[in-house]
Structures are given as C-alpha cells and as structure tokens.
Amino acid sequence: MAIKVTLPAAFTRHTDGRKQFDSAAQNLPGLIADIDQTFPALGTQIKGDDGKLRRFINIYVNDEDIRFLGGETYSFQDGDEVMLIPSIAGGIA
C-alpha cells in the first residue's frame, strides 16, 4: 500500500526540494513518524515538543480535511493523496 504526500513550496526547503514523496504509512501518526525519519528538518516544523502535529498544520486526504474523516484514527487507503498545508494568517493590523 502506498499513499502520495504533496508538500507546499514553504516546506520544500526542509525536504531538499522535494514536493512529493510516497509513504506506506497506515494512518496519520504513522505518516508523522515516516516524515520524522525521512525528513527530520520537516518533522521539527510540523510537530510540537509533544510529538503531535502542530495545530496550524492542516492535513487533507483526497481534498477532504482529515479531521472530518476521523483524524488520527483514519486509515489511509492505497492511492490516497495526502496534502500537508500550513495555515496562513494575516490581515490589516
């Protein structure tokens, strides 16, 4: 089983320029562990000291927010396309 993970340009500086990679992770905790092992610099950007995903990182599976699919309990399916998207805040101060 394999999933395709797509990263935004903001994260590619932590992945030696790679915008996509495949993973055999079964769920979100497995994917985070896979990222931590494959791209340690990215791992420090997307997870906190507690090892959990930072709250400003959004995960989409096949264009659906993973929170609405069960969050950490969602089991990836073969061929799923997963996107990691950092939240962007801003406005006029």
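Trainee: Which residue stands opposite Val82 in E5, on the E3 side?

Mentor: In this predicted model, strand E3 covers residues 57–61 and runs antiparallel to E5, with five bridges joining the two. The residue of E3 that stands opposite Val82 is Val61.

Trainee: Which residue stands opposite Val82 on the E1 side?

Mentor: Strand E1, residues 3–6, runs parallel to E5, and three bridges join them. The residue opposite Val82 here is Val5.

Trainee: What is the bridge partner of Val5 in E2?

Mentor: E1 and E2 run antiparallel and are joined by four bridges. In E2, the partner of Val5 is Phe21.

Trainee: What is the order of the strands in the sheet?

Mentor: E1 is joined to E2 by four bridges and to E5 by three. Five bridges then join E5 to E3. The sheet is open, has five strands and mixed pairing, and its order is E2-E1-E5-E3-E4.

Trainee: Which are the edge strands?

Mentor: The order is E2-E1-E5-E3-E4. An edge strand pairs on one side only, and the two that do so are E2 and E4 (64–65).

Trainee: Which side chains of E5 point to the face that is buried?

Mentor: In a regular strand the side chains alternate between the two faces of the sheet. Strand E5 (residues 81–86) shows this alternation: Glu81, Met83 and Ile85 point to one face and are not buried. Met83 has Tyr60 standing opposite. The side chains that point to the other face and are buried are Val82, Leu84 and Pro86.

Trainee: Which side chains of E1 are buried?

Mentor: Side chains alternate along E1 too, with Lys4 and Thr6 pointing to one face and not buried. Those that point to the other face and are buried are Ile3 and Val5.

Trainee: At about what angle does H1 run to E2?

Mentor: Helix H1 lies across E1, E2, E3 and E5. Its direction relative to E2 is about 120°.

Trainee: How many aromatic pairs does the structure hold, and why is the pair of Phe21 and Phe39 edge-to-face?

Mentor: The structure holds two aromatic pairs. The rings of Phe21 and Phe39 have centres 5.2 Å apart and planes at 65°, so this pair counts as edge-to-face. Phe21 lies in strand E2 and Phe39 in the loop between helix H1 and helix H2, so the pair ties together parts that are 18 residues apart in sequence. Both Phe21 and Phe39 are buried.

Trainee: What are the ring distance and plane angle for Tyr74 and Phe76?

Mentor: Both Tyr74 and Phe76 are buried. Their pair is edge-to-face because the ring centres are 5.9 Å apart and the planes stand at 75°.

Trainee: Is Thr12 buried or exposed, and which residues is it in contact with?

Mentor: Thr12 is found in the loop between E1 and E2. Its relative accessibility is 15%, so Thr12 counts as buried. Leaving aside neighbours within four places in sequence, Thr12 is in contact with Gly17, Arg18 and Lys19.

Technical notes: Residues numbered from 1 in each chain as written. Predicted model: local features only at pLDDT ≥ 70, side-chain atom pairs only at ≥ 80, totals over all residues. Heavy atoms only, no water. Phe/Tyr/Trp six-rings, centres within 6.5 Å; stacked < 30°, edge-to-face > 60°. Buried < 20%, exposed > 50% of the residue type's maximum accessible area, 1.4 Å probe, protein only. Pairing = 2+ DSSP bridges. Contact = heavy atoms within 4.5 Å. Axes fitted to C-alpha atoms, helices over the stretch in contact; angles between N-to-C directions.
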